[in-house]
Amino acid sequence: MPVQLAKELVELIEGGVSMQLGTRDKDLRPEVLRAVGVTVGADRSTLTVYVPAELAERTLANLEDNATLAITFSHVIDHRTVQLKGKLRSLRRARRNERALSERWLAAFAEQLHMVGFSRRLALRIRIWPSLALEIELHDLFAQTPGPGAGRRIEAGA
Amino acid sequence: MTLFESLPPACFQGVIPAAISTCSHDGTPNVTLLSQVFRIDARHVALSCQFFNKTKQNVLENPFATVELYDPLDFTSYRLEIRYERAETCGALFDAMALRIEAIASHTGLTGVFRLRSADIYEVLACEKREGFLIAPADDPSPEPPDPRVPRSELKCLHLVSQRTARAPTLDGLFTALLEALEEGIGFRHSMVLLPDETGSRLFAVASRGYGDEGIGAEISVGDGLIGMVARERRSLRLSSMDSELRYGRAVRASVQATGGRRELVAEIPLPGLPDAQSQLAIPLLACDRLMGVLAVESRTALDFDEWDEAFLDIVGNQVAASIESAILRERSDEAPAGAVPASEEPTQLARRGPVRRFRFFASDDCVFVGDDYLIRNLPGRILWKLLRSAVDTGRTDFTNRELRLDASLGLPGLRDNLESRLVLLRRRLEQKCPELKLVSTGRGHFRLEIACGVELELVS
């Protein structure tokens, strides 16, 4: 059953945060991959996540096997973090006009890293292209900010 | 040597959070961030377990996990396949991880919120570099800003510190010389020295550099925060990056402070500190196992202090602790004999012109205010009050350390008191908060209270 993101979570997710995608294979061996761009659908129940094609071999094999995934979004500066769980609806090569989305993400992410003491140049070396676009249907949301409340289920917001 | 064994140490200092992916028995993946991964031997890592979270639950059901780890110096990414083995709840590894977590929690006012439940040990099954994660660096004509740190020359630095501290004529001068030499010799721009008070349960900042004038006299409890932990455990502590919990804790604390009102006459001085510190290093100053103080340095740059810095400061600390002890003994050896008449003679006329400063002594906590500003408390507060009373009541302004030591009303501990360091603190607080009063040395163990203002005294019981 799809769930809907609250508006403030959309702002967090699209705000140049650190993004990690988790999948698993048929033997329940997990995999992790950094995502390099995201956009939330107008219905706020789907999102498109971009991952670098060159690094996605295991992730793709896992998603072809079972389509189950988790993705964590974490703000570099204040560590507000949320984890979404869901299913892959479709997978395709990112279109040329979608590259700008990843470029915007990378610029914002580099800025966050810069604010905690890292050179912008360091983050700007992350490969964002060519990328794959994963269209994901959301099934569950969890708070993941460090502390005793991490892991709490977030009720779908209006 | 395997790739895992040859991974740079910086990958394991928690500068860039690692990510861990696990999977429950029903096949649902989970991915979360880790503040730090500890490499404990050639085939194992340890992760801190502070809460019984989904990651822990998953590895108890299905022990396999994958970790993505980053080198903070160049953002190279490494992928580790690991398998959960066991949880340790005591022992050397647990103690080392717990100390670090407790120090961070205490430093950010979150004691009790964060504590180590277990050190979880995982076997490393595979390690690979994520080829293609980064694009090749472009030829860039504009170089990175130069490292502000002075190039190292170990012997030269040690020589500088040794020479300056050895030549310092007084305890006061020793602290100034030490912090100056550390900046000049090795580039430590933000540093401070804290000494134990007469109870041994608290530390007070007696000298600082790189924080402006504020902070002298700030107190912390032994066991409180990074510095208090170093004093309690008598072990140095190095944080290479103020990692996620610390920044998060500071953000929480800042918001609490922002919403709190300012109390009138608050008798507290905040400890000096960079609000955006990325690296911290604190070492205990030990002379024959006696804690003489703590030396702490900070930097805005992550990974600014490494093992070399820690070893260097340890050597410096040993020498400084011995120098402190020797400066105190030297000052005492020259003190006037018991009952000797203080050096001066003519009662001093208190200034009749110029501003009048009002001093209030709060007997309940031995606290002195000048005007509405907190000046000093505890032993140095009692000493100041005695000196002022003497000057106002009898006109006498020349004193000896020995007479203070013999004055039972001041309550100096009988054995190994810390009078000299408390006088250094009093002198520095007066320089900052009430420059009309000066404690001027008139010979070893002798000093004069110089008063350039009218004085009003009020005892508040």
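Start with chain A of this predicted model and trace it along the sequence: the pattern is α-β-β-β-β-α-β-β-α-α-β. That gives four helices and seven strands to colour. Now shade chain A by burial, and you will find that 44% of its 158 residues are buried. Draw the contacts in chain A between residues at least 6 apart in sequence, and 71% of them join residues at least 24 apart.

**Next stop: where the chains meet**

Bring chain B into view and select the contacts between the chains: 37 residues of chain B touch 39 residues of chain A. Which elements of chain B give two or more residues to this side? Highlight β1 (18-23), β2 (29-34), β5 (64-70) and α7 (244-259) of chain B. Colouring the chain B side by class shows 17 nonpolar, 13 polar and seven charged residues.

**Into the cores**

Nonpolar side chains in soluble globular proteins tend to be buried together. For an example here, select B:Leu178, B:Leu194, B:Val206, B:Ile227 and B:Val294, which touch the most other members of the largest nonpolar core, a set of 80 residues. Helix α5 (residues 171-186) of chain B is the top contributor to this core, giving nine residues. Apart from this core lies another, of 69 residues, and A:Val76, A:Leu122, B:Leu69 and B:Val124 are among them.

Now centre on B:Leu194. Beyond its neighbours within four places in sequence, B:Leu194 contacts B:Leu203, B:Phe204, B:Ala205, B:Val206, B:Ile227, B:Gly293 and B:Val294.

**A loop residue**

Move to B:Arg235, in the loop between α6 (225-233) and β11 (237-239) of chain B. Is B:Arg235 buried or partly exposed? B:Arg235 counts as partly exposed because it has 13 C-beta neighbours inside 10 Å. Pick B:Pro284 as well: the two residues are 49 apart along the chain, yet their C-alpha atoms are separated by 6.4 Å.

**Last stop: confidence**

Finally, colour chain B by pLDDT. The average is 81, and 82% of the residues score at least 70. Among the elements of chain B, strand β6 (residues 77-88) has the highest mean, 97, and α7(B) the lowest, 45. Select residues 146-151 of chain B, where pLDDT stays under 50 and the model has four contacts beyond four places in sequence. Then select residues 251-267 of chain B, also under 50 throughout, with ten such contacts. Where pLDDT is low, predicted coordinates should not be read in detail. For the model as a whole, the scores are ipTM 0.96 and pTM 0.66.

How values were computed:
Residues are numbered from 1 along each chain as its sequence is written. Chains are lettered from A and ligands numbered from 1 in the order in which they are written. Two residues are in contact if their C-beta atoms, placed from the backbone, lie within 7 Å. Ala, Val, Leu, Ile, Met, Phe, Trp, Tyr, Cys and Pro count as nonpolar, Asp, Glu, Lys and Arg as charged, and the others, Gly among them, as polar. A residue is buried if 20 or more other C-beta atoms lie within 10 Å of its own, exposed if 12 or fewer, and partly exposed in between; C-beta atoms are placed from the backbone. A nonpolar core is a set of buried Ala, Val, Leu, Ile, Met, Phe, Trp, Tyr and Cys residues joined through C-beta atoms within 7 Å. pLDDT is the predictor's confidence in each residue, from 0 to 100.
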